[in-house]
Amino acid sequence: MTKCKSTENLTNLPPLGMDSQALIDGFKQYYTYTLGRDKSCSSPHYPYKALAFTLRDRLMERWKNTRYAYEDSDCKRTYYLSLEFLMGRALNNSMLNLGLTDTVQQSFHQMGLELENLIDTEQDAGLGNGGLGRLAACFLDSCATLQLPVKGYGLRYEYGMFKQHIEQGWQVEETDHWLLDGNPWELERPEYTQRIKFGGHTELYHTDKGELRSHWTATRDVLAIPYDNPIPGFKNGTVNTLRLWSAAATDEFDLDEFNSGSYTEAVADKNSAEHITMVLYPNDASENGKVLRLRQQYFLASASLQDVIREWLGSHDDFSNFAEKNCFQLNDTHPTVSIAEFMRLLMDEHNLSWDDAWSITTKTMAYTNHTLLPEALERWSVLLFESLLPRVLEIIYEINARFLKQVSMHWPGNTTRLREMSIIEEGDVPQVRMAYLAIVGSFSVNGVAALHTELLIKGLFQNFYQLWPEKFNNKTNGVTPRRWLAGCNPPLRKLITETIGDKWITDLSQLKKLEGSLKKKAFRDKWLTIRDINKTRLAELVKEKCQVDFDINSLFDVQVKRIHEYKRQLLNILHVIHLYNRIKSGDTKNWANRCVLIGGKAAPGYVMAKLIIKLINNVADIVNNDPDVGKRLKVAFFPNYNVSAMEVICTGTDLSEQISTAGKEASGTGNMKFMMNGALTIGTLDGANIEIREELDGKNFFLFGLTAEEVEQTRSHYNPVQIINDDKDLSNVMEILESGYFNQMEPGLFSPVINAIKDPYDPWMTAADFHSYIKSQKQVANVWKNKARWTTMSIINTLSSGKFSTDRTMQDYNRDIWKLDSIVAYPVK
C-alpha cells in the first residue's frame with residue numbers, strides 16, 4: 001500500500017465547536033451536502049444520520065487524542081475479546097458522555113425538530129444475545145470513563161440476534177438486518193486487514209539453525225477487515241475503541257468461472273468467507289452450524305491477536321517485555337482458542353521457542369467464566385478441529401501433554417484426575433474442552449458473582465482450583481450507571497443531581513447520600529411523580545407492542561430476560577394462573593391490582609422455551625379477556641425485547657422478578673438495572689441476588705426458595721407429585737393447566753410443560769419453590785398497598801445500588817488482574 005509522506009498537515013485543524021450554533025451548522029452541512037437532502041425529505045432517517053455524523057466529528061477529535069496519549073506513554077494495555085457486544089443505540093449515549101444532551105435538545109428546538117424521533121430511528125446494534133454481550137458493552141463504557149487503555153475486539157455481524165414477533169402465541173423469528181441502512185458511527189480501517197487461515201495441513205521443516213518447526217500450508221484463507229467504533233468516556237475527553245472484524249474473501253470471485261457461466265461456483269469462496277460474520281450465533285444443532293461457530297471463534301481470536309502483534313511490533317523490536325505491557329481478557333469460553341492461536345503466532349510466525357511463547361501466553365491471558373451449566377461450556381470434536389484448524393490442534397495436544405505431566409507430578413498415579421482434567425476428553429467422539437484450555441493457559445480465572453465463583457471452585461473447576469488456587473478470583477458484575485440510570489431515566493437523574501450533586505454519575509457510591517432525603521416529604525413526592533412518569537411511559541410502550549392496557553396505579557411486575565428453564569419464567573406464569581384462580585373463586589380480599597410483563601427470546605432450537613412463551617401468551621389471552629378479572633390482573637408478553645426496550649422497562653418497573661433456580665444463574669445484570677431505578681426484587685439466593693440483598697442489609701428484598709445447597713440436597717428425594725398433592729394452591733394450578741383450559745383448541749399442547757413440572761428429575765425444581773414463591777408474592781401485595789413503605793423501600797434500593805456499577809467492577813479487574821495506569825487523553829485544542 002502506498003503511504004503518504006506526511007499527513008500532519010492534513011489533520012491539523014481547529015477544534016470543532018460544542019455550542020448550539022456549531023452543532024446546528026454541522027448538522028445542516030451533513031444533511032444538505034453529505035446526505036443530499038432537501039426540504040421535501042420527510043424521513044427521520046436522514047436527520048438521524050446527520051446528527052450522528054455531527055457528533056462523531058466531535059468524538060473523532062477526542063478519539064485521535066486518546067490514541068496519541070496511549071502511544072506516547074507506551075502504557076500497558078488490555079484487550080477485551082468477546083463474541084458479543086450488545087451495545088444498544090449510540091446516539092443518546094454519545095450525547096450524554098460528550099456532555100451535549102441539553103445543547104443538542106436546544107439546537108433541535110431552534111430548528112423545530114423532535115430529537116426523540118431521531119433517537120427512536122436508530123437501530124439497536126445487533127451484536128449480542130443477552131447478558132454476556134450487554135456486560136461487555138458496560139465494561140467498555142466504564143473503562144473509557146475510568147480512562148483505562150482497554151480495547152474491545154468482536155465481530156461485525158451483518159445480521160444480529162433474530163427479531164422476534166408473536167403469531168398465535170408462538171415465537172416467530174425473522175432476520176435482524178441491523179446494518180441495512182449502514183452504521184454512521186463506525187470507521188472502516190482496511191489498512192489493518194488481517195489474513196486468517198482455515199483447513200490445509202501442517203509440514204515439518206528445519207530452520208537455518210537446525211530447529212524443527214511446523215508450517216501450516218495449503219490453507220483456505222479469509223480476510224478480516226476491521227471496523228472501529230468509538231467508546232466515549234463520561235465528559236473526560238477519552239474515547240476508546242471497539243474494533244469489529246468483518247469477513248471477506250481473499251478474491252471477490254473467479255473471473256474465468258464467471259465468464260464460462262459457472263456463476264455459483266465463481267462466487268462460492270466469497271460467500272463461504274462472508275458467512276463467518278453473517279449471523280450472530282448460528283444454530284449449531286447441525287454439523288454445518290458447528291463448523292461456522294468454530295470458524296467465528298477462531299476468526300475473532302486470530303484477527304485480534306495478529307492486530308495486537310502488528311501494533312506492538314510497530315513500536316517495539318521484539319517480545320521481550322510484551323507480557324509486561326499487554327493483557328488479554330477472554331469473555332467466557334468462546335474466544336479461548338486464543339491461547340493456542342497466540343502460541344502458533346509467536347512460534348510459527350515470529351520464531352519464538354515453545355518455552356518463551358508459553359511464558360508470554362500464560363502471563364497475558366485471563367479468563368472470565370459466565371456459566372454454571374456444564375452444557376454451556378464450549379467443547380469441539382477433535383475431528384472438526386483437525387479438519388478446520390490442524391496446526392492449532394497440534395498445539396493444543398502439546399499443551400495438554402505438558403499439562404498432564406504437571407497433574408501427574410501433583411497427584412502421582414491418579415489416573416482419574418488425569419482423565420477428569422485432560423483438555424482432550426476421551427470417548428467415542430473425542431472432544432476439546434475449551435474451558436480447560438482457558439484455565440491451563442491463563443494466569444487469572446474469575447467468576448462473576450460471589451456465589452458463582454464459590455460454586456465454580458467447589459464444582460466445575462474443583463480439580464483446577466486444588467492445583468492452582470492462586471489463579472481463581474471473583475469479580476462481581478455491574479452495569480454502567482451512565483446508560484442505566486443517568487441516560488435512561490432523565491427525571492430521576494435530575495432529582496438525584498439536584499439533591500446530592502452530579503458526582504454520582506461517575507461514583508455511584510455517592511447515592512448513599514440520598515439517605516438524608518429519605519424522610520423528606522418534598523423529595524418523596526418528587527420520587528412518586530417520577531415513578532408515575534416512568535410507569536406511564538412503560539404503559540404506553542406495552543400498549544404499542546402488546547396491545548394490552550396497563551393501569552399505572554397497579555403493581556408493575558416484570559421479568560424480562562432470555563427465555564430459559566433455569567430462569568423459571570414458568571414459575572412466574574404459574575403464579576399468574578394462581579392469581580387468576582383466586583379471582584375466579586372470589587378470593588380477592590385485600591387484593592393488589594397487578595400488571596405482569598414477561599419478555600425475552602428463546603433460542604430457535606429450544607423447544608421447551610418456545611412452548612413456555614406460547615403458554616404465557618395463551619394465559620394472557622384468557623386473563624385479559626375475562627370480564628371477571630377486569631383491572632385486577634393484566635398479563636403481557638413483550639415481543640423482541642432488546643436494550644432500547646429495557647431502557648424504558650427498567651425505569652417503570654415496581655417488582656423485579658429474579659427467580660432462577662438457586663445455583664444456576666452466574667450473576668445476572670438485569671437485577672442491577674431494576675434496583676438502580678427503584679424497583680424492588682423478588683428473588684432466590686442466586687447469582688448477584690445474594691450481594692444485592694446484602695447491600696440492602698437483608699431487608700427491602702422479597703426472598704423465597706431453596707438455597708443452592710438445599711437444591712442439591714433435595715435432588716435425591718425430590719417428589720414433585722407429592723408436593724403438588726400436598727399444596728392446595730399448586731394442585732389447583734395444575735388442575736386447570738391439565739384440564740386444557742388454556743389450550744382448548746390445541747389439545748395436549750402443554751403436556752410437555754406439565755410433565756416437566758412433575759418430573760422427579762426436574763433440574764429446575766419448579767414445584768419445590770412454588771409454595772415459598774406464592775407466600776413471598778403475598779408479602780409483595782401487602783407491602784404494595786402501603787404506599788409509604790413501598791416508596792421508602794424503592795428509594796433504599798436505588799441508594800444502595802452503588803456496588804453494582806461497572807466502574808467498581810472495572811476497578812476490581814484492574815487492581816487484581818490488568819494493573820493498568822489511567823491515561824489522561826490529550827485535550828482538544
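**View 1. Phe385 and its neighbours in the predicted model.** In this predicted model, Phe385 touches Leu294, Val337, Trp380, Pro390, Val392, Leu393, Ile396, Val432 and Met434, leaving aside residues up to four places away in sequence. Take a moment to find Phe385 at the centre of this list before moving on.

**View 2. The largest nonpolar core.** Here we meet Phe385 again, now together with Phe299: these two have the most contacts inside the largest nonpolar core, a set of 111 residues. Which helix gives this core its largest share? Look for helix H11, residues 287-313, which supplies ten residues.

**View 3. Another core, set apart.** A further nonpolar core, of 65 residues, lies apart from the largest one. To find your way around this core, look for Leu574, Leu749, Ile757 and Trp784, which are among its members.

**View 4. Helix H7, from end to end.** Helix H7 runs over residues 131-145, 15 in number. From its first C-alpha to its last, H7 reaches 21 Å, close to the 21 Å expected at 1.5 Å a residue. Is H7 mostly covered or mostly open? It is mostly covered, with 14 of its 15 residues buried. After the helix comes Gln147, with a positive phi near 60°.

**View 5. The hairpin of strands E7 and E8.** Strand E7 (residues 201-206) pairs with strand E8 (residues 212-217) in the antiparallel sense, over six bridges. Leu204 is a handy place to start, as it stands opposite Ser214 in E8. Five residues lie between the two strands of this hairpin, and in the turn you will find Gly210, whose phi is positive at about 85°.

Key
Residues are numbered from 1 along each chain as its sequence is written. This is a predicted model: local features need pLDDT of at least 70, side-chain atom pairs count only at pLDDT 80 or more; totals for chains, interfaces and linings use all residues. Side-chain values use heavy atoms; hydrogens and water are left out. Helices (H or I, at least four residues) and strands (E, at least two) are DSSP runs, numbered from the N terminus. The expected span of a helix is 1.5 Å times one less than its number of residues. Buried means under 20% relative accessible area, exposed over 50%, partly exposed in between (1.4 Å probe, protein chains only). Two strands pair if DSSP finds at least two bridges between them. A nonpolar core is a set of buried Ala, Val, Leu, Ile, Met, Phe, Trp, Tyr and Cys residues joined through side-chain atoms within 4.5 Å. Contact means heavy atoms within 4.5 Å.
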